[in-house]
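I opened my notebook to look up the pockets and the nonpolar cores of a structure that is new to me. Come along and read over my shoulder.

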Amino acid sequence: MKSVLEFKARKGKAPISISTAYTHWEARFLADSLVDCVLVGDSVATVVDGEATTFAATPELMARHTAAVARGLGGAKFLIADFPFLAARKGIVPAVECAALLLRAGAHAVKIEGVDGHEDVIRHLVQSGVPVIGHLGLTPQSMQALGGYKVQGRGEAAAADLLRQAKALEAAGVSGLVIECVPSALGKAVTAAVPVPVIGIGAGPHTDGQVLVFHDMLGLNPGFNAKFVRQFADGNKTVANGLEAYARAVSEGTFPNSKESY
Ligand code: KIV
């Protein structure tokens, strides 16, 4: 899948798979994979830089990682980049500048958390030709207000409010939605309520697709095992074994051998 048009056309057809990528290295694996789309998530701040939250991500940081990922993908996949912390909350001009940075870096669409209070920004970007993907439910940029990383949309009132926000995003013109950490029934209801693809992360099996963090799904994030993550590979073990073998070979004097020497 290479464009927002192909992305939108998949609603109700085949499920969409999305992986994060932050570097040229991950992007090269993804370019040759069956994964449909790539997200340069602001989770780069936590996964790569070891920050406790995503607050440290800035438009410049996101643009730098987006450019690296775009080079690695070489146009092979639809590429979404995250609007970082508060970038949609400073008004239309800073938001346009952030979108310009991300699209010039190679993104095909931007993802923006939340909707209340910045519908005008989202509408303006969409009308300016910038495809926008919404992000509702557990929105990590609001983790202070949410009281931590918790399941959202539990109970009738919270579920109704989340459905209202999804419809508001659709009315503002988004091309799709990410919905994070909500009960499966709510994931299903949101998916049925809007005509654009709804991509879940911890939102159950009924959405139009799934997104996972590259490092989480490949077992490359030591100590992180949220309920909604399935580890499709044991990257931690592979890397640890490789490092051990290297260190042993050096200490035992078996690396480098004659074939590895000039
Ligand atoms: O930043 C991120 O990685 C994300 C996804 C996990 C949805 O927003």
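Here are my entries, pockets before cores.

**Entry: the largest pocket.** I kept in mind that this is a predicted model. I looked up the volume of the largest pocket and found about 1,200 Å³. Its lining counts 46 residues, and Glu180, Ile201, Gly202, Leu212 and Phe228 lie nearest the centre. I then asked which elements give two or more residues to this lining. They are the strands β1 (16-20), β4 (109-113), β6 (176-180) and β8 (209-212), along with the helices α3 (44-47) and α10 (214-217). Sorted by class, I noted 23 nonpolar, 13 polar and 10 charged residues in the lining of the largest pocket.

**Entry: the second largest pocket.** This one has a volume of about 420 Å³. I found 25 lining residues, with Glu113, Gly114, Val115, Thr139 and Ser142 closest to the centre. Two or more residues each come from β4, β5 (132-137) and α8 (156-172). Helix α8 gives the largest share, 4 residues. By class I wrote down 12 nonpolar, 9 polar and 4 charged residues.

**Entry: the cores.** Which residues touch the most other members of the largest nonpolar core? I found Phe83 and Leu102, in a core of 54 residues. Helix α4 (residues 59-73) gives the most to this core, namely 6 residues. I followed Leu102 further: leaving aside neighbours within four places in sequence, its contacts include Pro59, Met62, Ala63, Phe83 and Val110. I also noted a second, separate core of 15 residues, with Met1, Phe7, Ile18 and Leu39 among them.

Notes. Residues are numbered from 1 along each chain as its sequence is written. This is a predicted model: local features need pLDDT of at least 70, side-chain atom pairs count only at pLDDT 80 or more; totals for chains, interfaces and linings use all residues. Side-chain values use heavy atoms; hydrogens and water are left out. On a 1 Å grid over the protein atoms alone, a cavity is a set of points where a 1.4 Å probe fits but cannot get out, and a pocket is an open set with protein on both sides within 12 Å along at least five of seven lines; lining residues have an atom within 4 Å of a point. Grid points are joined across faces, edges and corners, and a volume is the space filled by probe spheres set on the points. Ala, Val, Leu, Ile, Met, Phe, Trp, Tyr, Cys and Pro count as nonpolar, Asp, Glu, Lys and Arg as charged, and the others, Gly among them, as polar. A nonpolar core is a set of buried Ala, Val, Leu, Ile, Met, Phe, Trp, Tyr and Cys residues joined through side-chain atoms within 4.5 Å. Buried means under 20% relative accessible area, exposed over 50%, partly exposed in between (1.4 Å probe, protein chains only). Contact means heavy atoms within 4.5 Å.
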